[in-house]
Amino acid sequence: MSVVLTTASVPDQDKVAYWNDAVSRTLVPMEVAPRSDGPFDGRIATDRLGYLQVSTVEADAERVSRTPELIARSSEALVAVGVQVSGTATFVQDGRRAEVGEGDLVVYDTTRPYSFDYPQRFATHVFQLPRRALGVSDGDIRRVTGNALGTGDGFGAMLLPFLATLASSPADGYPPAVADRLAGNVVELFATLIAEGAHPGGAEAEAPSHLVLRVRDHINRNLGDPDLSPESIARAQRISVRYLHRLFEGEGTTVGQLVRQRRLEECGRELARRGRTAPTVSAVAQRWGFVSPAHFSRSFRAAYGVSPREWRNLRTAQEDLGGDPAAAVGGRGADRPGAGLPPFGG
């Protein structure tokens with residue numbers, strides 16, 4: 001159910017103070033200064049869609065400022081996407097100034113100062129979400145703040161009518177599970193919007209199949225990095241974590257599973273090599289990105305049915321006698337968890 005706050009029934013001398021409080025409580029603490037001396041009129045309607053807040057603001061000409069002092073009072077880091085419905089605005093953040101017209105989108109970070117100057121009566125939709133839910137880098141957000149993102153073509157043209165419909169639809173018309181799923185989809189769209197604005201023609205515009213190959217190559221080249229993760233991979237490819245996971249929905253594995261599988265394969269190959277000075281199991285595990293030897297041993301046994309040390313002994317015996325080392329552990333190779341992994345090379 002929408003929460004609506006309006007100055008309509010407030011005495012003229014109290015309207016500005018009421019409006020300052022209404023906007024600050026509904027969105028984030030801000031300073032609002034009317035641009036005329038006459039009676040002020042403003043209305044703000046807000047709905048929640050899961051963790052996404054959707055607000056529509058209609059007001060007379062005003063200047064809105066988010067100052068460092070007000071930021072210090074806020075407990076949560078939010079990112080907002082504004083859709084200019086009518087009127088114009090001058091938006092400033094991160095040292096950049098943008099002239100915003102009807103239909104334009106703006107992205108702003110509530111943890112850094114910004115201002116909007118509306119020279120005439122206006123209407124705008126504001127979509128706010130927790131910064132942590134967005135899954136894009138601080139650098140990418142900084143690249144798009146202080147800019148007006150046009151919606152005449154490309155991704156913005158597709159996104160604008162969707163956001164307009166979402167803002168005008170009562171949120172209480174959706175069951176909670178549907179609302180949460182819809183909020184997740186909106187966040188993914190916003191992550192794509194930011195990635196496209198930060199890197200025009202960049203990675204997320206690339207064909208998914210080509211991008212999957214790039215991700216796999218990046219994983220193969222960085223297996224020894226213990227910090228290799230979906231977050232670091234997405235950052236390196238300049239895509240959102242959500243988009244990275246979506247790329248692998250048709251790959252029969254997750255990003256995390258692929259990293260673990262490839263590490264286990266390389267550990268198995270190294271343990272199987274014969275030489276004058278064989279490295280210790282813990283040294284092999286560390287070389288391929290496993291921080292904990294105990295965790296490595298458990299993962300290896302879960303995948304291949306034997307411990308890393310047993311695998312090394314079996315491989316040595318197999319090379320001496322010929323045959324498949326997996327067969328030496330009771331023929332369990334066909335039905336154990338790691339059976340889908342390719343055999344180790346020499």
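## An aromatic pair between a strand and a helix

Phe127 and Phe190 are both buried in this predicted model. The two rings form an edge-to-face aromatic pair, with 6.0 Å from centre to centre and 70° between the planes. Phe127 belongs to strand S11 (residues 122-130) and Phe190 to helix H6 (residues 176-198), so their pairing ties together parts that lie 63 residues apart in sequence.

## Other aromatic residues

The structure holds 14 aromatic pairs. One of them joins Tyr108 and Phe116, whose rings meet edge-to-face at 5.1 Å centre to centre, with 70° between the planes. Tyr108 and Phe116 are both buried.

These two residues also take part in an aromatic cluster, which is formed by Phe91, Tyr108, Tyr114, Phe116, Tyr118 and Phe122.

## The five-stranded sheet

Strands of a sheet pair through backbone hydrogen bonds, and the pairing may be parallel or antiparallel. In this model, five strands form an open sheet in the order S2-S5-S10-S7-S8, and their pairing is antiparallel. S2 and strand S8 (96-100) stand at the edges; each has a single partner strand, so one side of each is left without a neighbour in the sheet. On average, and with direction ignored, neighbouring strands of this sheet are turned by 15° against each other.

## Strand S5 and its neighbours

Strand S5 comprises residues 62-66 and is mostly covered, as four of its five residues are buried. On one side, S5 pairs with strand S2 (residues 31-34) in the antiparallel sense over four bridges. Within this pairing, Val64 in S5 is the bridge partner of Val32.

S5 also pairs with strand S10 (residues 114-118), again in the antiparallel sense, over five bridges. Here Arg66 stands opposite Tyr114 of S10. Tyr114 is, in addition, one of the residues of the aromatic cluster described above.

## The S7 and S8 end of the sheet

Strand S7 (residues 89-93) and S8 are joined by antiparallel pairing over five bridges. In this pairing, Gln93 stands opposite Arg96 in S8. Phe91, a member of the aromatic cluster, falls within the residue range of S7.

## A helix across the sheet

Helix H1 (residues 15-26) lies across S2 and S5 and runs at about 145° to S2. Of the two strands that H1 crosses, S2 is an edge strand with a single partner, whereas S5 pairs with both S2 and S10.

Definitions and conventions
Residues numbered from 1 in each chain as written. Predicted model: local features only at pLDDT ≥ 70, side-chain atom pairs only at ≥ 80, totals over all residues. Heavy atoms only, no water. Buried < 20%, exposed > 50% of the residue type's maximum accessible area, 1.4 Å probe, protein only. Pairing = 2+ DSSP bridges. Phe/Tyr/Trp six-rings, centres within 6.5 Å; stacked < 30°, edge-to-face > 60°. Axes fitted to C-alpha atoms, helices over the stretch in contact; angles between N-to-C directions. Contact = heavy atoms within 4.5 Å.
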